[in-house]
Amino acid sequence: MSATQQADTTQSNDAKDETKVGVVLTEAAAAKVKALIEQEGEEGLRLRVEVSPGGCSGLRYGLYFDTDVRDGDTVQDYEGFGVIVDKMSIPYLIGASIDFADRIDAQGFTIDNPNAQGSCACGDSFH
């Protein structure tokens, strides 16, 4: 399966109705995440994507590696790694895509989220 296609989704609490989180990683983002996980060398690392209160617009994204899958978390399997989203962040991330750029004019991960109604001038947070 291509990383640009929505990955298979399962919930850690084995609910009968699986929740589709809709977060999609582009090929570039998936390749970078996989490379970073391999570089860390820790067994069972996954990318956790979350939305939490903060920033000047009210909500902030978080991207970090995690080995824990908590009750209510949803895990999407990509080729070689998983993406975890907690149940509180799912509504904010449906339809979002994560990309990675390494160019002179842009570097790092970016999130294109159709649910964000606006963001602050610095781009660190959204509402």
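I started with the hairpin in this predicted model: strand 7 is joined to strand 8 through 4 residues. I then looked up how the two strands pair. Strand 7 and strand 8 (residues 107-112) run antiparallel, with 6 bridges between them. I checked one position, D99, and found its bridge partner in strand 8 to be T110.

Next I turned to the largest nonpolar core. I noted 21 residues in this core, and those touching the most other members are L25, V49, F81, V83 and L93. I listed the elements that each supply at least two core residues: strand 2 (24-25), helix 1 (27-40), strand 3 (46-53), strand 6 (81-85), helix 2 (90-93) and strand 7 (97-102). Which element gives the most to this core? I found that helix 1 does, with 4 residues.

I picked V49 for a closer look. Leaving aside neighbours within four places in sequence, I found V49 in contact with G62, L63, V83, I84, V85, D86, L93 and I98. Among these contacts are V83 and L93, which I had already noted with V49 as core residues touching the most other members.

Last, I searched the whole structure for aromatic pairs and got 2. One of them I wrote down in detail. Y78 and F81 form a stacked pair, with 5.6 Å centre to centre and 5° between the planes. Are these two residues buried or exposed? I found both Y78 and F81 buried. I had met F81 before, in the list of core residues that touch the most other members.

Technical notes
Residues are numbered from 1 along each chain as its sequence is written. This is a predicted model: local features need pLDDT of at least 70, side-chain atom pairs count only at pLDDT 80 or more; totals for chains, interfaces and linings use all residues. Side-chain values use heavy atoms; hydrogens and water are left out. A nonpolar core is a set of buried Ala, Val, Leu, Ile, Met, Phe, Trp, Tyr and Cys residues joined through side-chain atoms within 4.5 Å. Buried means under 20% relative accessible area, exposed over 50%, partly exposed in between (1.4 Å probe, protein chains only). Contact means heavy atoms within 4.5 Å. Rings of Phe, Tyr and Trp (its six-membered ring) pair if their centres lie within 6.5 Å; planes under 30 degrees apart count as stacked, over 60 as edge-to-face and the rest as tilted. Two strands pair if DSSP finds at least two bridges between them.
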